[in-house]
Amino acid sequence: MTSCHNIRPLLPAQAEELTLFELRSRAEHVAECARCATEAAAYSRLGQALAVMANLEVDPADGTLERALVAIGRRRTGVTDPRVLAAAGASGALVATVVVARAVRSRRRSHRPTPGPWRRLRLPNLPVPTPALARAK
């Protein structure tokens, strides 16, 4: 006889989902074990109830759509002044611009190669050339 531990995973399966050996083993065990027989019967009733429910279609109660739309409308803000809405939109755009600029800036900093001593270019302190017109005065 097969143990309950081995048969229990087969109990919720439908007959077409099992191999012939698994189906026979389950049937033999359920015939001898009252506990597994009770569990198999519960799975069978559950499967039948789900099959019946799969074919049910229920119309929503009258006014459900209207009540949902009213509830959504209540959650919306009561601000209708176009100046306030424009200011809010501009503030949002400004915040988004700052966030993106900081992200780009930090990304550039993190990807910049660290200059080694061979990459540093040191120029001697030379006088800055001045334009010819500035010298003429």
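A salt bridge is taken here as a side-chain nitrogen of Lys or Arg within 4 Å of a carboxyl oxygen of Asp or Glu. By this rule, the predicted model contains 1 salt bridge. The side chains involved are those of R8 and E39, with an N to O distance of 3.4 Å. R8 lies in the loop between α1 (4-7) and α2 (20-32), whereas E39 belongs to helix α3, so the pair ties together parts that are 31 residues apart in sequence. Side chains of opposite charge can pair when their charged atoms come close. R8 counts as partly exposed, at 28% relative accessibility. E39 is likewise assigned to the partly exposed class, with a value of 22%.

The chain as a whole has 6 helices and 0 strands. Read from the N terminus, the order of elements is α-α-α-α-α-α. The chain comprises 137 residues, of which 9% count as buried. Among contacts between residues at least 6 apart in sequence, 44% join residues at least 24 apart.

The largest nonpolar core consists of 8 residues, namely I7, L10, L11, A13, L18, C33, C36 and A40. In soluble globular proteins, nonpolar side chains tend to be buried together. For C36, a member of this core, the contacts beyond four places in sequence are with C4, R8, L11, H29 and V30. One of these partners, R8, is also the Arg of the salt bridge with E39. Another, L11, is itself part of the largest nonpolar core.

A buried position outside the list of core residues is S25, in helix α2. Its relative accessible area is 11%, and the cut-off for buried is under 20%, so S25 is classed as buried. With neighbours within four places in sequence left aside, S25 is in contact with T2 and I7. Of these two partners, I7 appears in the largest nonpolar core.

The largest pocket holds about 190 Å³ of space. Its lining is formed by L11, P12, A13, Q14, R26, A40, Y43, S44, L46, G47 and L50. Helix α3 (residues 34-54) supplies the largest share of this lining, with 6 residues. By residue class, the lining divides into 7 nonpolar, 3 polar and 1 charged. The pocket and the core have residues in common, including L11, A13 and A40, which are found both in the lining and in the largest nonpolar core. Helix α3 thus contributes to the pocket lining and also carries E39 of the salt bridge.

Definitions and conventions:
Residues are numbered from 1 along each chain as its sequence is written. This is a predicted model: local features need pLDDT of at least 70, side-chain atom pairs count only at pLDDT 80 or more; totals for chains, interfaces and linings use all residues. Side-chain values use heavy atoms; hydrogens and water are left out. On a 1 Å grid over the protein atoms alone, a cavity is a set of points where a 1.4 Å probe fits but cannot get out, and a pocket is an open set with protein on both sides within 12 Å along at least five of seven lines; lining residues have an atom within 4 Å of a point. Grid points are joined across faces, edges and corners, and a volume is the space filled by probe spheres set on the points. Helices (H or I, at least four residues) and strands (E, at least two) are DSSP runs, numbered from the N terminus. Ala, Val, Leu, Ile, Met, Phe, Trp, Tyr, Cys and Pro count as nonpolar, Asp, Glu, Lys and Arg as charged, and the others, Gly among them, as polar. A nonpolar core is a set of buried Ala, Val, Leu, Ile, Met, Phe, Trp, Tyr and Cys residues joined through side-chain atoms within 4.5 Å. Buried means under 20% relative accessible area, exposed over 50%, partly exposed in between (1.4 Å probe, protein chains only). Contact means heavy atoms within 4.5 Å.
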